Amino acid sequence: MIQLGWEIVHISAMMAPYLLFGFLMAGLLSLFFTPETIRRHLGKPTFGSIVKAALFGVPLPLCSCGVIPVAASLRKSGASRGAVSAFLISTPQTGVDSFFVTGSFLGWWFAGVRVVLAFVTGLVGGYLIDGLREKEPAVRNEEPPSCCGQGEKEAARGESACCCQGEAVPAAHPGLMQRLGAAVYYSFVTLFNDVAGALAIGLILAGMISFWVPDNFFADHITAEWQAFALMLVIGFPLYICSTASVAVGASLILKGISPGAVLVFLVVGPAANGATLSAIWSILGKKALLAYLLTISVFAVLAGMLINALGIGMQTQRIFAGEHHAMGWFEWGSCAVLYALIGH
């Protein structure tokens, strides 16, 4: 058990500096991507709105459940089916926080592929769903399902700051220092609290895989590429894990013999296709839209995974882990202590 604990702490220390920096960047990003800004740009039923929705979704640090009420609000505000779908598809797959963590664990080319894939799947899925001729689901009074609704946090100075509502910055006209303070609060209190549980689970899973699964286990037992892809689809679809926490799990799987391309499939479907998200799409957009959503994510994830394997992107994970094991110093361990303090807060 001591060795298992060490594996978890070691992975946490590797992840912590990039993770904390990513959360800080997410808070600063929230100064510009307010709910009003998003609604203003996505409110028109045009193809341009679909493009903007996919672009907006890529950097936003909303979890797969946190994006649901934002998407529902966009739909009620007049955003097209395509724009809402593009936002729902692209947002959970990545964010500014998960980009930095992906780069640190899997390499910056791999991180770039995740960004491009999130945009492309959002664009294609939004376009396909916008073209469906489907009767709108009956309007309901209750809110769509969400895993972030329990115990909304109040931001600094009494302003709402729940990530599910996207209220990152007070609605008034505060000064620069007040805005920066609100952004930092959003980064390390509101946003962090929303993903702390999933992040802790991801770190524990990564440590358990690293400790208990023998080296090259998957390479010895899964001989065909399609088998690895199918396994990641089966594991990823029912599992709720945020885009940031999934990276540590994915890196551990690569070290145990799963190909980087198959891990990319897991990194796409795990965050983007949990039960709450699929239920919300059915409720907001209908059954045909749900089918188009699943097909878009699955097909493009597999195609991108095949490309990743063909180009050898992500193969440097072993070298990154080995190098960090010897290079970690006071900065990494200090960041790890801050990370654990935030998780336990």
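This is a short talk on the helices, aromatic pairs and a few long-range contacts of one protein chain.

Hi everyone, and thanks for coming. Please keep in mind that what you see above is a predicted model.

Let me begin with the overall make-up. The protein chain has 16 helices and 0 strands. Of its 345 residues, 54% are buried. And if you take the contacts between residues at least 6 apart in sequence, 85% of them join residues at least 24 apart. Keep that last figure in mind, as several of my examples are contacts of that kind.

Now to the aromatics. A pair of aromatic rings is described by the distance of the centres and the angle of the planes. This structure holds 8 aromatic pairs, and I'd like to walk you through two of them.

The first one I picked is Phe21 with Phe100. How are these two rings arranged, stacked or edge-to-face? Their centres are 4.8 Å apart and their planes stand at 80 degrees; since an angle over 60 counts as edge-to-face, this pair is edge-to-face. In sequence, the partners are 79 residues apart: Phe21 belongs to helix 1, residues 2-29, and Phe100 to helix 6, residues 96-106, so the pair links distant parts of the chain. Their surroundings can be described too. Phe21 is partly exposed, at 39% relative accessibility, while Phe100 has a relative accessible area of 18% and is buried, because the limit for that is under 20%. These two rings also have company: Phe21, Phe99, Phe100 and Trp108 form one aromatic cluster.

My other pair is Phe47 with Tyr127. Here the centres lie 6.0 Å apart with the planes at 85 degrees, so this pair is edge-to-face. It too links distant parts of the chain, with Phe47 in helix 3 (residues 47-57) and Tyr127 in helix 7 (residues 108-130), 80 residues apart. As for accessibility, Phe47 is partly exposed at 45%, and Tyr127 is exposed at 53%.

Since Tyr127 has brought us to helix 7, let's stay with that helix and look at how it packs against helix 12, residues 260-272. The two axes come within 12 Å and cross at roughly 45 degrees, and the helices are therefore oblique to each other. The crossing is right-handed. Which residues of helix 7 and helix 12 meet? On the helix 7 side we have Phe110, Val113, Arg114 and Leu117, and on the helix 12 side Pro260, Leu264, Leu267 and Val268. Sorted by class, that contact has 7 nonpolar residues, no polar ones and 1 charged. The charged one is Arg114, because Arg counts as charged.

Two single residues before I stop. Ile68 sits in helix 4, residues 67-76, and is buried, with 1% relative accessibility. Its C-alpha atom is separated by 6.7 Å from that of Ala280, although Ile68 and Ala280 are 212 residues apart along the chain.

Then there is Glu332, in helix 16, residues 330-344. Is Glu332 buried or exposed? At 18% relative accessibility, Glu332 counts as buried. Setting aside neighbours within four places in sequence, Glu332 is in contact with Ala13 and Pro17. Both numbers fall within residues 2-29, the span of helix 1 that also holds Phe21.

That's my tour. Thanks for listening, and I'm happy to go back to any of these spots with you.

Technical notes. Residues are numbered from 1 along each chain as its sequence is written. This is a predicted model: local features need pLDDT of at least 70, side-chain atom pairs count only at pLDDT 80 or more; totals for chains, interfaces and linings use all residues. Side-chain values use heavy atoms; hydrogens and water are left out. Rings of Phe, Tyr and Trp (its six-membered ring) pair if their centres lie within 6.5 Å; planes under 30 degrees apart count as stacked, over 60 as edge-to-face and the rest as tilted. Helices (H or I, at least four residues) and strands (E, at least two) are DSSP runs, numbered from the N terminus. Buried means under 20% relative accessible area, exposed over 50%, partly exposed in between (1.4 Å probe, protein chains only). Axes are lines fitted to C-alpha atoms, for helices over the stretch in contact, and angles run from 0 to 180 degrees between N-to-C directions. Angles under 35 degrees count as roughly parallel, over 145 as roughly antiparallel, 65 to 115 as roughly perpendicular and the rest as oblique. A crossing is left-handed if the near helix is turned anticlockwise from the far one by less than a right angle, and right-handed if clockwise. Contact means heavy atoms within 4.5 Å.
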